Amino acid sequence: MKKIIIGIMGPGESATSTDLENAYQLGQLIAQAGWILLTGGRNVGVMEAANQGAKAANGLTIGILPGNDTRGISESVDIAIVTDMGNARNNINILSSDVIIACGMGTGTASEIALALKADKSVILLNDSAESKVFFEKLATAKIFVVENVVEAIAQTGKILANSTGNSR
């Protein structure tokens, strides 16, 4: 049976303390749901916090790395995918995820959301930027889901999965 992969995308060095708290909690809840976590794999920002949260709940984590080796990888990544593709790896992040949760906002995150929409993937927005919410909602009303907190994000993930696969696992 195919395993469900949830991608958490978000800023690295520019992540806010709220982004980090949300990412950690998302990682925990994804693991508790029995889903696999996919991130950009690095040891900074939302990637690091989400991976740490998933590992705290005994979850499985995948990191899609930008370079040609594992330097800078989160110690909480179980499976490292080395791409040597730089930012082009963002498309791998998106295409490999069943649902994408954008936790925070930065230029890389915005590019991942745009790639997800082009690939007809559902994206859950969890951030404090009213501008980004309005912008992305106007681009793809049916595929963007704005939530206010981590619990709503996980509940929306379950709904999206149930609508696409007939169940949430």
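Where does aspartate 84 lie? Aspartate 84 sits in the loop between strand E4 (79-82) and H3. Keep that spot in mind while we walk through the chain, and remember along the way that what you have on screen is a predicted model.

Let's start with the overall layout. The chain has 6 helices and 7 strands. Read from the N terminus, the elements go β-α-β-α-β-β-α-β-α-β-α-β-α. If you lay the C-alpha trace along its principal axes, it spans about 40 × 35 × 30 Å. The radius of gyration tells a matching story: for 169 residues, a compact globule would come out near 15 Å, and the chain has 14 Å, which agrees.

Now for what is inside and what is outside. Of the 169 residues, 49% count as buried. Among contacts with a separation of 6 or more, 57% are made by residues 24 or more positions apart in the chain. On the outside, the chain exposes about 7900 Å², and carbon and sulfur atoms supply 52% of that area. As for charge, there are 13 positive and 16 negative ones, and their mean positions are 8 Å apart.

Helix H2 is a good place to zoom in. H2 covers residues 45-56, 12 residues in total, and reaches 17 Å from its first C-alpha to its last. That is close to the 16 Å expected at 1.5 Å a residue. H2 is also mostly covered, with 9 of its 12 residues buried. The buried set is Gly45, Val46, Met47, Glu48, Ala49, Ala50, Asn51, Gly53 and Ala54. So what covers them? The cover includes four strands you can pick out by number, E1 (5-9), E2 (36-39), E3 (61-65) and E5 (99-103), along with helices H1 (17-32) and H3 (89-95).

Just past the helix, things change. H2 is followed by asparagine 58, whose phi is positive. The angle is about 60 degrees, although asparagine 58 is not a glycine. This residue belongs to the loop between H2 and E3. Is asparagine 58 buried or exposed? It counts as exposed because its relative accessibility is 71%, and the cut-off for exposed is over 50%.

That brings us back to aspartate 84, in its loop between E4 and H3. Here, too, phi is positive in a residue other than glycine, with a value near 55 degrees. Aspartate 84 has a relative accessibility of 55%, so it counts as exposed.

Two more residues show how positions far along the sequence can be set against distances in space. Alanine 33 lies in the loop between H1 and E2. With a relative accessible area of 19%, alanine 33 is buried, because buried means under 20%. Alanine 33 and glycine 59 are 26 residues apart in sequence, while their C-alpha atoms are 9.1 Å apart in space.

The other one is serine 164, which lies in helix H6 (residues 150-165). Serine 164 has a relative accessible area of 53%, so it is exposed. In sequence, serine 164 and aspartate 98 are 66 residues apart, and from C-alpha to C-alpha they are 9.3 Å apart.

Definitions and conventions: Residues numbered from 1 in each chain as written. Predicted model: local features only at pLDDT ≥ 70, side-chain atom pairs only at ≥ 80, totals over all residues. Heavy atoms only, no water. Helix = DSSP H or I, 4+ residues; strand = E, 2+ residues; numbered from the N terminus. Rg over C-alpha atoms; globule rule 2.2 N^0.38 Å. Buried < 20%, exposed > 50% of the residue type's maximum accessible area, 1.4 Å probe, protein only. Contact = heavy atoms within 4.5 Å. Areas by Shrake-Rupley, 256 points an atom, 1.4 Å probe, with all protein chains shown as cover. Lys, Arg positive; Asp, Glu negative; His and termini not counted. Charge placed at Lys NZ, Arg CZ, Asp CG, Glu CD. Expected span 1.5 Å × (residues − 1).
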